[in-house]
Amino acid sequence: AFELKAVKDLVLEDDETVVLNGAITDPVFGASVIQDTVITIKDRTHDDPATGLIHLTAVTAGTHVLEGDDYTLKVSLAPGVTSGKDIHVALNIGSGSTATTDDIDNLPAAVTIPAGAPDADFTFTAKTDLVLEKPEQLWIEASPQNYAGMKGDKRQVTIDDATRLKADNLK
């Protein structure tokens, strides 16, 4: 008899299969058949809310971006978590946004956290539109794509109007 234990770790990985097989060496039981036993070790790092969340944080200081400027964010794994394969994270404009795709450029459809890396940065540009307007709320949502059970984060950025900063535009 023996005991097989799956050790909890902080590694995002696919489920793993262990096949136990054996052979009979005693001639008295030589005609007996030993069936293989298949055991699946399910990874739970991605299912745990504390370790299976993709975080979205600002790299650029503050929560505002002026039209015409860039803003950089980071998608990252939970502290201490690593991944054995690339993690693909979809990026979208989220519900509650007053800003639309007409207000930003270069927001990638997805970003990849490379295997073994804790995070990846991405940048978008707030478009200069020459329209006098109130600040616009942009919610960016990050959704992990290739690990079932993982959850994503969202981050709000305010796009400030640059048009009203020129006195001639206010006449």
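A salt bridge here is a side-chain nitrogen of Lys or Arg within 4 Å of a carboxyl oxygen of Asp or Glu. Keep that cut-off in mind for the first three views of this predicted model.

**View 1. D14 and K85 clasp hands between two loops.**
The side chains of D14 and K85 come together at 3.0 Å, N to O, which makes the pair a salt bridge because the cut-off is 4 Å. D14 sits in the loop between β1 (11-12) and β2, while K85 sits in the loop between β7 (82-83) and β8, so this contact ties together parts that are 71 residues apart in sequence. Neither end is tucked away under 20%: D14 is partly exposed at 43% relative accessibility, and K85 is partly exposed with a relative accessible area of 26%. By this rule, the model has six salt bridges.

**View 2. R44 and D47 make another salt bridge.**
Here the side chains of R44 and D47 meet, with 2.3 Å from N to O. R44 is partly exposed, at a relative accessible area of 46%. Its partner D47 is partly exposed too, at 33%.

**View 3. K74 and D119 join two strands.**
At 3.8 Å, N to O, the side chains of D119 and K74 form a salt bridge. This one links distant parts of the chain, with D119 in strand β11 and K74 in strand β6, 45 residues apart. D119 is partly exposed, with a relative accessible area of 27%, and K74 is partly exposed at 25%.

**View 4. Four strands line up in an antiparallel sheet.**
Read across this open sheet and the order is β4-β6-β11-β9, with antiparallel pairing. The edges are β4 (55-58) and β9 (104-105), each of which pairs on one side only. Zoom in on β9 and β11: they pair in the antiparallel sense over two bridges. A handy landmark is D105, which stands opposite T125 in β11.

**View 5. Five strands make a mixed sheet.**
This open sheet runs β5-β13-β12-β8-β10, and its pairing is mixed. At its edges are β5 (64-66) and β10 (110-113), each pairing on one side only. Neighbouring strands in the sheet are turned against each other by 30 degrees on average, direction ignored.

**View 6. β8 has a partner on either side.**
Which strands does β8 pair with? Four bridges join β8 to β10, and the two run antiparallel. To find your way along that pairing, look for H88, whose bridge partner in β10 is T112. β8 is also joined to β12, antiparallel again, by five bridges. On that side, A90 stands opposite S143 in β12.

**View 7. β12 and β13 run antiparallel, with I159 tucked away.**
How many bridges join β12 to β13? Six bridges hold β12 (residues 136-144) to β13 (residues 154-160), and the strands run antiparallel. W139 stands opposite Q156 in β13, a useful pair to look for. Also in β13 is I159. Buried or exposed, then, is I159? I159 is buried, because its relative accessible area is 1% and buried means under 20%. I159 and Q137 are 22 residues apart in sequence, yet 6.4 Å apart in space, C-alpha to C-alpha.

**View 8. Nonpolar side chains gather in a 29-residue core.**
In soluble globular proteins, nonpolar side chains tend to be buried together. The largest nonpolar core of this model has 29 residues, and those with the most contacts inside it are I54, V75, I87, V89, I113, F122 and F124. Strands β6 (70-76), β8 (87-93), β10, β11 (119-126), β12 and β13 each supply at least two residues of this core. The most generous of them is β11, which gives four residues.

**View 9. A nonpolar patch sits out on the surface.**
For contrast, look at I24, V28, F29 and I34, which form a nonpolar patch on the surface. Together they have about 370 Å² of accessible area. V28 is found in the loop between β2 (16-20) and β3 (37-41). Why does V28 count as exposed? The relative accessible area of V28 is 66%, and exposed means over 50%, so V28 falls in that class.

Methods
Residues are numbered from 1 along each chain as its sequence is written. This is a predicted model: local features need pLDDT of at least 70, side-chain atom pairs count only at pLDDT 80 or more; totals for chains, interfaces and linings use all residues. Side-chain values use heavy atoms; hydrogens and water are left out. Patches are made of residues with over 30% relative accessible area and no salt bridge: like charges are joined within 9 Å, nonpolar side chains (Val, Leu, Ile, Met, Phe, Trp, Tyr) within 5 Å. Accessible areas come from the Shrake-Rupley method with a 1.4 Å probe; for residues, only the protein chains shown count as cover. Buried means under 20% relative accessible area, exposed over 50%, partly exposed in between (1.4 Å probe, protein chains only). Two strands pair if DSSP finds at least two bridges between them. Axes are lines fitted to C-alpha atoms, for helices over the stretch in contact, and angles run from 0 to 180 degrees between N-to-C directions. A nonpolar core is a set of buried Ala, Val, Leu, Ile, Met, Phe, Trp, Tyr and Cys residues joined through side-chain atoms within 4.5 Å.
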